[in-house]
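Okay, thanks for coming, everyone. I'll put the structure up and then walk through a few parts of it.

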Amino acid sequence: MKTVPFTRSVLLYSGLQKEEYESVETLIMERNIRLVSKISVGIAALGLFFVVLNLILGIENLFPYSILIIGGSILFFMKEAVHEPTGRSAYFYCYALIVIVLLYGIALSMQPSNADSPSTSIIVFLTIMPLTVNDRPYRMGILMFFFTVLYVVLSFLFKSASAFRTDIINAFTFSVLGFILYVSLTNRSVKEIFFGRQAAENERIKEEARIAEESNRAKSNFLANMSHEIRTPMNAIVGLDEMILREAKDDKIARYATDIKSAGKTLLSIINDILDLSKIESGKMELVNVDYDLAQVLNDIDNMTSPKAGDKKLSFVLNAEETMPSAYHGDEIRIRQIMLNLINNAIKYTEKGGVTVSVSYDRPFDMMKITVSDTGMGIRREDMSRLFSSFQRLDETRNRNIEGTGLGLNITKRLVELMNGTINVESEYGRGSTFTVKITQETVDDSPLGDYRERVSRSAGHEEEFIPTLFAPEAKIMVVDDNDMNLDVFCDLLRDTRIKITTAMSGPECIEKLMKDRFDAVLLDQMMPGMSGTETLNKIKEKELAGSVPFIVLTADAVSGARQMYIDEGFDDYISKPVIYEELESVLLKYIDERLLVSREEADRIRERENEEKPVILVVSEDPESLKKAREVIGDKYRGAFVKSEEQAQKYLESHKVEFVLRDAD
Ligand code: ADP
């Protein structure tokens, strides 16, 4: 709710936009209803007073006062019938007061004692006053016109000819004045003349705010679209780089590929931040609450952050209260994101000393508390107010060499707020900072956490060497993507698994191939020209072409909620682009029939056997450099046999079949 001041004059002359007006409308109407209810008591009392006075004075025509008494009383008791402050009944309620007062005025001027006198004041009231006391000049204008006509007709019927003449001249004159007033209330430039520059100025400010809001929305949309578009080519970059890493025999190339991998990760995290921010700004960020194990979360975070602290020679401690409950219900992914943002910042902005993270739980309030303290550069007092703003980086001269976009803390704060939590920071410039997050988290397992590291059996190192565990030569899957580079990436990534891969480049091609063959899973790209992934899936389900084959959507839509959306649309699972091999493997492992999977030992045996069946190239050289080069040249299609001397070569040739022999050039 916007906090726009809503005194009547501000509303009348401020030039509020319709939406803004509506956003304060509830407040205004609640106030109006209260006001009308009070005034109704007042007019009923006034009516009663006049009745008593007239009775004392011996005047008998009490009709006008009875309108006040009856109308006021009805209004007072009708307040309960108003249900919604901005509903129809509320408006009728407020208009009713004006109608009662007008009827009273008309009835008063129609009294026989007034038959000879024109009622100028009543006409002024009818034609002009209501326009100035109500913020809806258009409706009021219509109401006033109706009552003015009614008055003129009654004046014609009940008043003397001379009084009627004056009345009709007055009615005409003041209606014209009323009309001018109406125009001035609704027209900006006239308003400026009548009500001064302030009104026009306010209006200009409102207009600017509206344009700014619109361009902000356009910016969010643009950022969301752009991040989406970047993800698609990233698929090829990350995927092909993974292939280089697996196949590179040259250390230098492997190093380059590792650098690309880490730059890719950074780029991806920036894209994700931008997507998150645009989601949050457009109010589309949703929390996905699940049951989760705290130990796993802490262990993963420890594994992800402590090496970074180690690289900078900082001490790093992540402690959790051993007595705190071990499992909770909440948005695990976002909690990880909050912790990672704060810890990564602490490490980034600390050169000496260390970072301490502590996690605890306050049972009576179901409150999880996460504190991240560092002994780093700290934050200046005057910068504190900008700390959580988007795209704001502080102390730019000092932080020039530190990577960052200024989005992390803004997102963190907004996520914490989405969870109805709080985030606070205490900092001393040059000495360090402490960020404290408090969020309510329900527990699902109250047993004490204990030592989280012990609890998690997984090994500590996260950058383990790549060992495929998925090996299924009998399994068949289909990958559908309109981009052939992405198809290549898929086939390459899965080559070691020996899964038989059929590719298709469009929805119709997928359907055609599905009718001819059976698959263990279909990976379906969402964004394809002609027929999207969802449309293809719908058609397949409609025609019952695939039985129980699982469909996995491939999409650059990586925002929260996207997964559920695709599952609701009928997909069995979801993989976001760029496809990371580990993720792909774990999804496929879920869907490929266990009977088709081969154990790691068996897989190694098969690989060895295949290797043995490859034609052999015999390399004869003493120079380790040449041997290394020869290894690169041989590649995957051949098997190399390496010997150091001609003698050994001869011996080898006697008992083996060799395709080629490579020798050092003299
Ligand atoms: P960035 O991507 O620049 O790190 P953040 O939104 O995470 O963006 O942080 C905004 C700014 O707040 C940073 O540029 C940095 O100046 C300051 N800041 C954040 N965390 C810390 C910290 N632990 N110590 C000192 N300064 C910090």
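**A walk through the model**

Let's start with helix 15: its buried residues are covered by, among others, helix 11 (251-281), helix 13 (332-348), strand 6 (422-428) and strand 7 (432-440). Before I go on, keep in mind that this is a predicted model.

So which residues of helix 15, running 408-418, are buried? They are Gly408, Leu409, Asn410, Ile411, Thr412, Leu415 and Val416. If you want the textbook background, an α-helix has 3.6 residues a turn, so residues three or four places apart point the same way. Just past the end of helix 15 there's asparagine 420, with a positive phi of about 60°. And while we're around there, the charged end of lysine 413 sits over the ring of phenylalanine 388, with 5.7 Å to the ring centre.

Next, the cores. As a general point, nonpolar side chains tend to be buried together in soluble globular proteins. Here the largest nonpolar core has 51 residues, and the ones touching the most other members are Leu294, Leu298, Met324, Met339, Val359, Met368 and Phe435. Which element gives this core its largest share? That's helix 13, with 8 residues. Take leucine 294 as an example: skipping neighbours within four places in sequence, leucine 294 contacts Met324, Pro325, Ser326, Tyr328, Val359, Met368 and Leu449. There's also a second, separate core of 35 residues, including Val51, Tyr91, Tyr95 and Leu97.

Now strand 5, residues 367-374, which is where you find lysine 369. Is lysine 369 buried, exposed or something in between? Its relative accessibility is 34%, so lysine 369 counts as partly exposed. Again leaving out neighbours within four places in sequence, lysine 369 touches Ser358, Val359, Ser360, Thr436, Val437 and Lys438. Its C-alpha is 8.7 Å from that of threonine 440, although those two residues are 71 apart along the chain.

Just before that strand, a backbone oddity. Aspartate 366 sits in the loop between strand 4 (354-362) and strand 5, and it has a positive phi of about 50° without being a glycine. Aspartate 366 counts as partly exposed, because its relative accessibility is 34%.

Lysine 313 is another non-glycine with a positive phi, about 60° in this case. Where is lysine 313? In the loop between helix 12 (294-311) and strand 2 (315-320). Lysine 313 has 74% relative accessibility, so we call it exposed.

On to the sheet. It's an open one with 5 strands in the order 10-9-11-12-13, and the pairing is parallel. Which strands are at the edges? Strand 10 (500-504) and strand 13 (573-576), each of which pairs on one side only. On average, neighbouring strands in this sheet are turned by 20° against each other, ignoring direction. Between strand 12 (residues 551-555) and strand 13, running parallel, there are 4 bridges. Within that pairing, leucine 554 has isoleucine 575 of strand 13 as its bridge partner.

Two helices to point out on this sheet. Helix 17 (residues 484-493) packs on it and touches strand 9 (476-480), strand 10, strand 11 (521-525) and strand 12, with its direction at about 175° to that of strand 10. Helix 18 (residues 507-516) packs on the sheet too, touching strand 9, strand 10, strand 11 and strand 12, and its direction makes about 140° with that of strand 10.

Following the chain out of strand 13, we get to proline 578, in the loop between strand 13 and helix 21 (581-591). Have a look at the peptide bond from lysine 577 to proline 578: it's cis, and omega is near -5°.

Last topic, the rings. How many aromatic pairs does the structure hold? There are 11. One of them is phenylalanine 156 with phenylalanine 164: the ring centres are 5.3 Å apart and the planes are at 65°, and over 60 degrees counts as edge-to-face, so that's the label for this pair. As for accessibility, phenylalanine 156 is exposed, at 56% relative accessible area, whereas phenylalanine 164 is at 18% and counts as buried. Elsewhere, ring pairs link Phe49, Phe50, Tyr65 and Tyr104 into a cluster.

That's my tour; over to you.

Terms used. Residues are numbered from 1 along each chain as its sequence is written. This is a predicted model: local features need pLDDT of at least 70, side-chain atom pairs count only at pLDDT 80 or more; totals for chains, interfaces and linings use all residues. Side-chain values use heavy atoms; hydrogens and water are left out. Buried means under 20% relative accessible area, exposed over 50%, partly exposed in between (1.4 Å probe, protein chains only). Contact means heavy atoms within 4.5 Å. Two strands pair if DSSP finds at least two bridges between them. Axes are lines fitted to C-alpha atoms, for helices over the stretch in contact, and angles run from 0 to 180 degrees between N-to-C directions. Rings of Phe, Tyr and Trp (its six-membered ring) pair if their centres lie within 6.5 Å; planes under 30 degrees apart count as stacked, over 60 as edge-to-face and the rest as tilted. A charge sits over a ring if NZ of Lys or CZ of Arg is within 6 Å of the ring centre and within 35 degrees of the ring normal. A nonpolar core is a set of buried Ala, Val, Leu, Ile, Met, Phe, Trp, Tyr and Cys residues joined through side-chain atoms within 4.5 Å.
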